[in-house]
Amino acid sequence: MIVSKKEDGSMEVRENVERFLKKEGINPESLVLGEQVHGKRVRVVNKNETGKVLKNTDGLITSSREIVLGVLIADCLPVSFVSENICGILHVGWKGLQKGIIKEALLKVEEKERVENLFFEIGPGIEMCHFQVREDFAENFEKDFVGKFLKKKENKLFFDLKKATKKKIEECGGKKIKTSDICTFCSEKYFSYRKGNITERMIALIKL
Ligand SMILES: [Zn+2]
């Protein structure tokens, strides 16, 4: 997975996307994006969709070597997976996680590839140090899941989105999982929504 940085500019701006892809040696016309809504919809895409932004979509999967898949992020996690035959990328915030985007994506993968063959990457995103959540946050999730990823500090509650995401991948049969140790809020090199970058975004890319 390739992730842009602040220095590449905000990826809400199309020219910045094109410049970044060219810098990485990728044809911008091969890009497919989703119009992210913190949902769980995952689309399997083919060559007809290159250059498009797909409505109501937070996850993309393809078997085509002519397509590059992307998600825009700033604190939410980019989660990619790749094998010899298939690749995919997901936009994972707590809402998508709660709605089940990981399972949704991996059920689609299973039609073509064994989940245990995938190499997963959980990219830069907000870490527990800066992800304060509401007191009743656990009520959003099924019982017994989220408690392990919550911690109380000075009367504030914090959530470990990366570890919770990793756990969900493992529950679906994922075995090879690499997690970035970059907190987008802590790091000066990345945009962070919670730190005040309301409109700026990074792009994360995956390609077969
Ligand atoms: Zn942090």
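This is a short walk through one structure, taking its zinc site, its cores, one of its strands and its cysteines in turn. Please keep in mind throughout that what we are looking at is a predicted model.

Let me begin with the metal. Which residues hold the zinc ion as its protein donors? They are Cys129, His130, Cys183 and Cys186, the histidine through its ND1 atom and the cysteines through SG, and these donors lie 2.0 to 2.4 Å from the ion. The angles that the 4 donor atoms subtend around the zinc run from 101 to 125°, and because four donors count as tetrahedral when all angles lie between 85 and 135 degrees, the arrangement is tetrahedral. For comparison, the ideal angle for four tetrahedral donors is 109.5 degrees.

Along the sequence, the donor residues follow the spacing C-H-x52-C-x2-C. His130 sits in the loop between S9 and strand S10 (132–133), while Cys186 sits in the loop between strand S13 (176–179) and strand S14 (202–207), so this pair ties together parts that are 56 residues apart in sequence. Are these two buried or exposed? His130 is partly exposed, at a relative accessible area of 27%, and Cys186 is partly exposed as well, at 43%.

Turning now to the interior, the largest nonpolar core has 35 residues, and the members that touch the most others are Phe81, Leu90, Leu97 and Phe159. At least two residues of this core come from each of strands S7 (77–82), S8 (87–92), S9 (119–122) and S12 (156–159), and likewise from each of helices H3 (101–110) and H4 (161–171). The largest contribution is that of H3, with 5 residues. If we take Leu97 and set aside residues up to four places away in sequence, the residues it touches include Val92, Ile102, Phe141, Phe145 and Phe159, and also Lys168. Apart from this core lies another, of 19 residues, including Leu60, Leu69, Phe191 and Leu208.

Next, consider strand S2, residues 31–34, where Leu31 and Leu33 point one way and Val32 and Gly34 the other, although all of them are buried. S2 pairs with strand S6, residues 68–73, in the parallel sense over 3 bridges, and there the bridge partner of Val32 is Leu69. S2 also runs parallel to strand S4, residues 53–54, to which 2 bridges join it, with Leu54 as the bridge partner of Gly34.

Finally, how many disulfides are there? The count comes to 0. Cys172, for one, is in no disulfide, and the nearest cysteine sulfur to it, that of Cys87, is 18 Å away.

Technical notes
Residues are numbered from 1 along each chain as its sequence is written. This is a predicted model: local features need pLDDT of at least 70, side-chain atom pairs count only at pLDDT 80 or more; totals for chains, interfaces and linings use all residues. Side-chain values use heavy atoms; hydrogens and water are left out. A nonpolar core is a set of buried Ala, Val, Leu, Ile, Met, Phe, Trp, Tyr and Cys residues joined through side-chain atoms within 4.5 Å. Buried means under 20% relative accessible area, exposed over 50%, partly exposed in between (1.4 Å probe, protein chains only). Helices (H or I, at least four residues) and strands (E, at least two) are DSSP runs, numbered from the N terminus. Contact means heavy atoms within 4.5 Å. Donors are N, O and S atoms within 2.8 Å of the metal (3.2 Å for Na, K and Ca); water is not among the atoms, so sites may look incomplete. Four donors count as tetrahedral if all angles lie between 85 and 135 degrees; four count as square planar and six as octahedral if opposite donors are over 155 degrees apart and all others between 65 and 115; anything else is irregular. A disulfide is a pair of cysteine sulfur atoms within 2.5 Å. Two strands pair if DSSP finds at least two bridges between them.
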